[in-house]
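Visitor: I would like to know how the labels given to residues and contacts are justified. Please show the structure and take me through the reasoning.

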Amino acid sequence: MNQIINDITAAQVKKDITPFKVGDGVRVHTKVREGDKERVQIYSGIVIARKGHGIQESFTVRRISYGEGVERVFPVNSPNIEKIEVERESENMKARLYYLRDRTGKAAVAVKERENRTQETAAAS
Amino acid sequence: MISSLLGKKIGMTQVYDAQNVLVPVTVVEAGPCSVVQVKTVETDGYNAVQIGFSTKKTKNASKAELAHAKKAGLDNAPRVLGEVRLTAAPTLKVGDVVTVTAFTEGEFVDVIGVSKGKGFQGVVKRFRVAGGPAAHGSMFHRRIGSIGMRQTPGRTWKNQSMPGHMGSERRTMQNLRVVKIIADKNLILVKGSIPGANGDDILVRSAIKGQGPAKAAKA
């Protein structure tokens, strides 16, 4: 990519993003403006895609809300995102989890969780 | 002061504005442009200034170009020359330099450039003609169709859309908002797209129409 463009956007690209990957269960804390007040809204679900790079990077979070699948796309570097919490780490091997869209019931949120991490922590303790 | 600058398209990106809205912008390297020649009613019959942008290698410049540049106190001949028409006699002098500070953030500008060449194209791409059905043995896929009536009028109307060369034309994008100016790097960020490929020469000028609140505040 062009060096001049990189320099322009560099200031707005976040450097302290919580590392997360496709398949992780995340809680996205977003700032919501209501009139003059600002509050934090949390949207939790599974990251099914992460695309783009630099300032244009975005990720899609899918959740089942009242029995209906909902997907929201967030820009990674948006100032409106306060923080991203990783709830469940996945052991997923795919870059895009679009197959979850065709699933219903329990299978719709079934992403293989990373197990060795818990084993490691268990062994350590 | 004039409000036109020659420049170069760098490319597109996105930036967050003060309201945390992601704005699509085109990065333009504009100026610094030095005034190479001043034209007045007395000397040339009209008022204008000729500005130059970038430099040519001396071995690639003709003697005439070099001498013309030398008159303006430049060592190298400018790679691009452009003329800005003025209604009043120009206040700028030969050798003056115009930079991006001629523009302000929030102001509207027009960007003129040469659009990307598309080569010889059919009517579907060139004029958005609908074309025919793709299948069911239609045998009429992307063809032009009828181009006229019968004995009356007995000819094809002017401006009938037909295949031909598309692109590589001078195009103006009007009323693009200046999102940001980076003066030390001679860069302007304008909202939206502009004609041409990255690296192409362009002209940025203060918007002729619809200046909006920015100009009203200035005046």
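Guide: Start with a definition: a residue is buried under 20% relative accessible area, exposed over 50%, and partly exposed in between. The model is a predicted one.

Visitor: Why is B:Asp201 called partly exposed?

Guide: B:Asp201 has a relative accessibility of 32%. The class in between runs from 20% to 50%, so B:Asp201 counts as partly exposed.

Visitor: What makes B:Arg79 and B:Asp201 a salt bridge?

Guide: The closest N and O atoms of B:Arg79 and B:Asp201 are 3.2 Å apart. The cut-off is 4 Å between a side-chain nitrogen of Lys or Arg and a carboxyl oxygen of Asp or Glu, so the pair qualifies. The two residues are 122 apart in the chain, with B:Arg79 in the loop between helix 2 and strand 5 of chain B and B:Asp201 in strand 12. B:Arg79 is partly exposed, with a relative accessible area of 36%.

Visitor: Are B:Asp110 and B:Arg205, which form another salt bridge, buried or exposed?

Guide: Both B:Asp110 and B:Arg205 are buried; that label requires under 20% relative accessible area. Their closest N and O atoms are 3.2 Å apart, which is within 4 Å, so the salt bridge stands. B:Asp110 lies in strand 7 of chain B and B:Arg205 in strand 12, so this pair ties together parts that are 95 residues apart in sequence.

Visitor: How do you know that A:Asp7 and B:Lys185 form a salt bridge?

Guide: The closest N and O atoms of A:Asp7 and B:Lys185 are 3.9 Å apart, and the limit is 4 Å, so the pair is counted. A:Asp7 belongs to helix 1 of chain A and B:Lys185 to the loop between strand 10 and strand 11 of chain B, so this salt bridge joins two chains. Relative accessible area is 38% for A:Asp7 and 44% for B:Lys185, and each residue is therefore partly exposed.

Visitor: How many salt bridges does the structure hold over all chains?

Guide: There are 15. A:Lys21, A:Asp24 and A:Glu89 are linked in a network of such contacts.

Visitor: Why is the aromatic pair of A:Phe20 and A:Phe59 called edge-to-face?

Guide: The planes of A:Phe20 and A:Phe59 stand at 65° to each other, with 4.8 Å centre to centre. Pairing needs centres within 6.5 Å, and edge-to-face needs planes over 60 degrees apart; both conditions are met, so the label follows. A:Phe20 sits in the loop between helix 1 and strand 1 of chain A and A:Phe59 in strand 3, so the pair ties together parts 39 residues apart in sequence.

Visitor: Why are A:Phe20 and A:Phe59 called buried?

Guide: The relative accessible area of A:Phe20 is 5%, and that of A:Phe59 is 0%. The limit is under 20%, so A:Phe20 and A:Phe59 are buried. Ring pairs also link A:Phe20 and A:Phe59 with A:Tyr43 and A:Phe74 into a cluster.

Visitor: What makes A:Arg50 lie over the face of A:Phe20?

Guide: A:Arg50 is at 4.1 Å from the ring centre of A:Phe20. The distance limit is 6 Å, alongside an angle limit of 35 degrees from the ring normal. A:Arg72 lies likewise over the face of A:Tyr43, at 5.5 Å from the ring centre.

How values were computed:
Residues are numbered from 1 along each chain as its sequence is written. Chains are lettered from A and ligands numbered from 1 in the order in which they are written. This is a predicted model: local features need pLDDT of at least 70, side-chain atom pairs count only at pLDDT 80 or more; totals for chains, interfaces and linings use all residues. Side-chain values use heavy atoms; hydrogens and water are left out. Rings of Phe, Tyr and Trp (its six-membered ring) pair if their centres lie within 6.5 Å; planes under 30 degrees apart count as stacked, over 60 as edge-to-face and the rest as tilted. Helices (H or I, at least four residues) and strands (E, at least two) are DSSP runs, numbered from the N terminus. Buried means under 20% relative accessible area, exposed over 50%, partly exposed in between (1.4 Å probe, protein chains only).
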